[in-house]
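Here is a friendly briefing to read alongside the sequence and the 3D view. Keep the viewer open and click through the residues as they come up.

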Amino acid sequence: DDVQNAIRDILQNKTSIRKASCNYNVPRTTLSTHLSKVLDQKLDEHKFRTDEEEFLINWLFECVKRGFLIRFDNIYEAVASIIKESGEEREHPFESENDFTYRRLLRRYRWLSNNVKQNLVKTNKGLCLWYRDIEIYLLENNYYEILNCPNRIFVCDEFFFQKQPNITSNIKSALTNTNVCYLFSAIGEIVPPLLIYSFENEIPKQIQKSVPKDYGTACDPNGAIESKSFIYYLNRVFQSFLLKNGIEFPVILFVNDTQIKLTLELSNTCKNLGIILIALNPQINRLTSYVFEDLVTGWNVEVPKWEQVNNQPFTVVEFAGLTQIINQKYIDINKIMCNFQESSIFPWISNYNEEDDEFVAVKTAADNFTESKDGFAVDVDVSDFLEDFESHSQDGYQQQRATKANHSDINDDEDDDIEITVKFGDFKNAIGTKLTSKFNSQLAQEEEVETPEPFSSHAENVLFDIFKLFNSHSSVPQHSAAATTSQATSKQSTPQKIN
């Protein structure tokens, strides 16, 4: 190819663009365009390598499956951590959401782009689908049995004084930007909390002496639960609590991902400690609502009482000691368990109905596919894949759940890079004529528009990429959007291999 030869001559032999244009009879504008793309790609590889990007994408995909919405900050900080871990001095490949490199990353991974867009417009998966997605994740990783062990299920929530509407103003004034991070189990156990003071750097020694020995402490001017503070708390307090009480690992910890920022370091810490971090759906009834109502009452009662006895105004110095008293007097174990029950976390009741989602069977199968830039790694047997589509009936989801449970003893060390053969015709029959027509239309649109809008459903985006993979390996010419499914199926007879 003259263009490639000219580019090679420019890069290797330092030939000028003008001379290369004459030598290979290629317009200078064409060479300039191709050369800029090559140089841009080389620059990106220097900043963030392919293997590092693959690691990043796998981690983000895992986070999405555990209910987390991916934000720019999550991606930015993860990339920074990966570069730092390499020990090399490199610039960050992007600095903002408008950076071309960042936007190109989202275009390469449609499911990630869709997830980020969901976050930007403040939409979310349906509550029923959240229950179902978490259940499938736990089944796939052999964690489902934990849902039957209430002492291994925990929830994390913050008691931020400024956000409690019924706490008196004098208490809010004394505890400006002061926060308490609570962890409760489904059987009503209370983990010693994390007290967050609004100091810039260090907690004064006078206050530190008043903190109970088993409590955790942290500083943040805004009272936020920073990732580093939460990591310290999990290591020092939560881990000690689990070991002291003989609780079996791993455990599940449900968090609000607007309170706890997910970082690569936090994710690795949880993995090492045997903590399965899952983001709660915002539509779930708050698992601490009854407990926090009682805590508000406790503070409104106990602070005036303390001021009357000590004949002095309440200050942040007395915060830790009074927190311990109020926790002991006002937290009701039965109300903690009631919150878990009403939220269907324990006992776990997904309340999922297949009829609520037109593409439920499609999504079930699609979530078992992980995407890479150059292809797909398939970690589910194709027979299960097709059965998932065929089970789109009233009892289909229960059948799939039983199938997952029966296969929970599969060797985890088995090689994931399995070569599987499936006919394109079978694939299209499985997804149905409606999706096939929709995907053909999208293919036709991609020929006209460089980056068409992704589908609204994560499942459709993943399946569409598989559909494109089949087409790219097919010897049959691309069909237009108007072509019928039967015509495409009749011309495609040889099996395609997905590696």
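The notes below cover cysteines, charged pairs, aromatic rings and one strand with its neighbours.

Please keep in mind that this is a predicted model. In brief, the structure holds 19 salt bridges, a search of the whole structure finds 26 aromatic pairs, and there are 0 disulfides.

**Cysteines**

- The count of disulfides in the structure is 0.
- Cys-128 is partly exposed, with a relative accessibility of 27%.
- Cys-270, in contrast, is buried at 2% relative accessible area.

**Charged pairs around Arg-49**

- Side chains of opposite charge can pair when their charged atoms come close.
- One of the 19 salt bridges in the structure links Asp-51 to Arg-49, with 3.6 Å between the closest N and O atoms.
- Asp-51 is partly exposed at 48% relative accessibility, and Arg-49 is also partly exposed, at 31%.
- Arg-49 forms a salt bridge with Glu-88 as well, and here the closest N and O atoms are 3.1 Å apart.
- Arg-49 sits in the loop between α3 (28-47) and α4 (50-65), while Glu-88 sits in the loop between α5 (72-86) and α6 (100-108), so this pair ties together parts that are 39 residues apart in sequence.
- Glu-88 is partly exposed, with 38% relative accessibility.

**A charged pair within a helix**

- Lys-468 and Asp-465 form a salt bridge whose closest N and O atoms are 3.9 Å apart.
- Both residues belong to helix α20 (residues 458-473), and because they are 3 residues apart there, about one helical turn separates them.
- Lys-468 is partly exposed at 26% relative accessibility, whereas Asp-465 is buried at 9% relative accessible area.
- Elsewhere, salt bridges with shared partners join Arg-49, Asp-51, Glu-52, Glu-88 and Arg-90 into one network.

**Aromatic rings**

- A pair of aromatic rings is described by the distance of the centres and the angle of the planes.
- Among the 26 aromatic pairs found in the whole structure is the one formed by Tyr-76 and Phe-94, which is edge-to-face, with 6.2 Å centre to centre and 65 degrees between the planes.
- Tyr-76 lies in helix α5 and Phe-94 in the loop between α5 and α6, so the two rings tie together parts that are 18 residues apart in sequence.
- Tyr-76 is partly exposed at 25% relative accessible area, but Phe-94 is buried at 3%.
- One aromatic cluster includes Phe-159, Tyr-182, Tyr-197, Trp-299 and Trp-306.
- A charge also meets a ring: Lys-163 lies over the face of Phe-160, at 5.4 Å from the ring centre.

**Strand β5 and its neighbours**

- Strand β5 (residues 251-255) is mostly covered, with 5 of its 5 residues buried.
- In a regular strand the side chains alternate between the two faces of the sheet.
- In β5, Val-251, Leu-253 and Val-255 point one way, and Ile-252 and Phe-254 point the other way.
- β5 pairs with strand β1 (residues 153-160) in the parallel sense over 3 bridges, and Val-155 stands opposite Phe-254.
- β5 also runs parallel to strand β6 (residues 275-279), to which 5 bridges join it.
- Phe-254 has Ile-278 as its bridge partner in β6.
- Together, β5, helix α12 (residues 264-273) and β6 make a right-handed β-α-β unit.

Technical notes
Residues are numbered from 1 along each chain as its sequence is written. This is a predicted model: local features need pLDDT of at least 70, side-chain atom pairs count only at pLDDT 80 or more; totals for chains, interfaces and linings use all residues. Side-chain values use heavy atoms; hydrogens and water are left out. A disulfide is a pair of cysteine sulfur atoms within 2.5 Å. Buried means under 20% relative accessible area, exposed over 50%, partly exposed in between (1.4 Å probe, protein chains only). A salt bridge is a side-chain nitrogen of Lys or Arg within 4 Å of a carboxyl oxygen of Asp or Glu. Helices (H or I, at least four residues) and strands (E, at least two) are DSSP runs, numbered from the N terminus. Rings of Phe, Tyr and Trp (its six-membered ring) pair if their centres lie within 6.5 Å; planes under 30 degrees apart count as stacked, over 60 as edge-to-face and the rest as tilted. A charge sits over a ring if NZ of Lys or CZ of Arg is within 6 Å of the ring centre and within 35 degrees of the ring normal. Two strands pair if DSSP finds at least two bridges between them. A crossover is right-handed if, with the strands pointing away from the viewer, the path from the first strand over the helix to the second runs clockwise.
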